[in-house]
Amino acid sequence: TAADTKLVIETNIDDMNPQNYEYVLERLFAVGAVDAYLTPIIMKKNRPAIKVSVLVDAKYFEDVSRVLFEETTTIGIRYYPVDRKVAVREFKDITTELGTAQVKISSVDGTVTNVMPEYEDCKKIARETGVPLKRVQECVKEAAMQQK
């Protein structure tokens, strides 16, 4: 496992066109966000709103802040450091009778804790073969488990 410190940057927005959030998230990832997500919340006067949360290395603070101020209707952000513990990740290409897909293998203290096929690769195989996506994912995961 690995441990590190990041920043969480957040803002609450109750007056923005919801169609714009897709673009905002795209821009946040483009300037260095490790993760970015939206949470529905209720603000004062029972106004429905969205909390935008961004996990980022401190070196990208200014870039992320700029995106939030330029691309949303926010007039303020809050930020704080967070410690995190993350599994070690390894990526492998797994070939099956259906096709080849990448898998992410996560481990903690040397023990594999998760094997996850790459969604986009499995989706492509499903489209090309006509095999249901969930079956493609199962096939890739089974093959990855056998190759560990």
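Modeller: On a 1 Å grid over the protein atoms alone, a pocket is an open set of points where a 1.4 Å probe fits, with protein on both sides within 12 Å along at least five of seven lines, and its lining residues have an atom within 4 Å of a point. The model discussed here is predicted, and in it local features need pLDDT of at least 70, side-chain atom pairs count only at pLDDT 80 or more, and totals for chains, interfaces and linings use all residues. Residues are numbered from 1 along each chain as its sequence is written, and side-chain values use heavy atoms, with hydrogens and water left out.

Colleague: What volume does the largest pocket have, and which residues lie nearest its centre?

Modeller: The volume is about 220 Å³, where a volume means the space filled by probe spheres set on the grid points, these being joined across faces, edges and corners. Of the 13 residues that line the largest pocket, Asn-12, Asp-14, Met-43, Thr-74 and Ile-75 lie nearest its centre. Strand β1 (residues 2–13) contributes the largest share of this lining, three residues, a strand being a DSSP run of E of at least two residues and a helix a run of H or I of at least four, both numbered from the N terminus.

Colleague: How do the residues of that lining divide into nonpolar, polar and charged?

Modeller: There are three nonpolar, five polar and five charged residues in the lining of the largest pocket. Charged here covers Asp, Glu, Lys and Arg, nonpolar covers Ala, Val, Leu, Ile, Met, Phe, Trp, Tyr, Cys and Pro, and the others, Gly among them, count as polar.

Colleague: How do you know that β1 pairs with β3, and what is the strand order of the four-stranded sheet?

Modeller: Two strands pair if DSSP finds at least two bridges between them; seven bridges join β1 to β3 (residues 47–56), and therefore the criterion is met, with the two running antiparallel. Leu-7, for example, stands opposite Val-56 in β3. The open sheet has the order β2-β3-β1-β4 with antiparallel pairing, and its edge strands are β2 and β4, each of which pairs on one side only. Strand β2 (residues 33–43) is joined to β3 by 10 bridges, and among the bridge partners are Thr-39 with Lys-51 and Met-43 with Arg-47. These two strands form a hairpin with three residues between them, in whose turn Lys-45 has a positive phi of about 60°.

Colleague: Which helices lie across strands of this sheet, and at what angles do they run?

Modeller: Helix α1 (residues 21–30) lies across β1, β2 and β3 and runs at about 145° to β2, whereas α2 lies across β1, β3 and β4 and runs at about 20° to β1. Contact means heavy atoms within 4.5 Å, while angles run from 0 to 180 degrees between N-to-C directions, with axes fitted to C-alpha atoms, for helices over the stretch in contact.

Colleague: Why is the aromatic pair of Phe-61 and Tyr-79 called tilted?

Modeller: Rings of Phe, Tyr and Trp (its six-membered ring) pair if their centres lie within 6.5 Å, and planes under 30 degrees apart count as stacked, over 60 as edge-to-face and the rest as tilted. The structure holds one aromatic pair. The ring centres of Phe-61 and Tyr-79 are 4.5 Å apart and their planes stand at 55°, so the pair is tilted. Phe-61 lies in helix α2 (residues 61–71) and Tyr-79 in strand β4 (residues 78–86), so the pair ties together parts that are 18 residues apart in sequence.

Colleague: What makes β5 and β7 the edge strands of the other sheet?

Modeller: Three strands form this open sheet in the order β5-β6-β7 with antiparallel pairing, and β5 (88–95) and β7 (111–117) each pair on one side only. Between β5 and β6 there are eight bridges, with Val-88 opposite Ser-107, and in their hairpin, which has four residues between the strands, Gly-99 takes a positive phi near 155°. Six bridges join β6 (residues 100–108) to β7, where Val-108 stands opposite Thr-111. Helix α3 (residues 119–129) packs on the sheet, touching β6 and β7, and its direction makes about 150° with that of β6.
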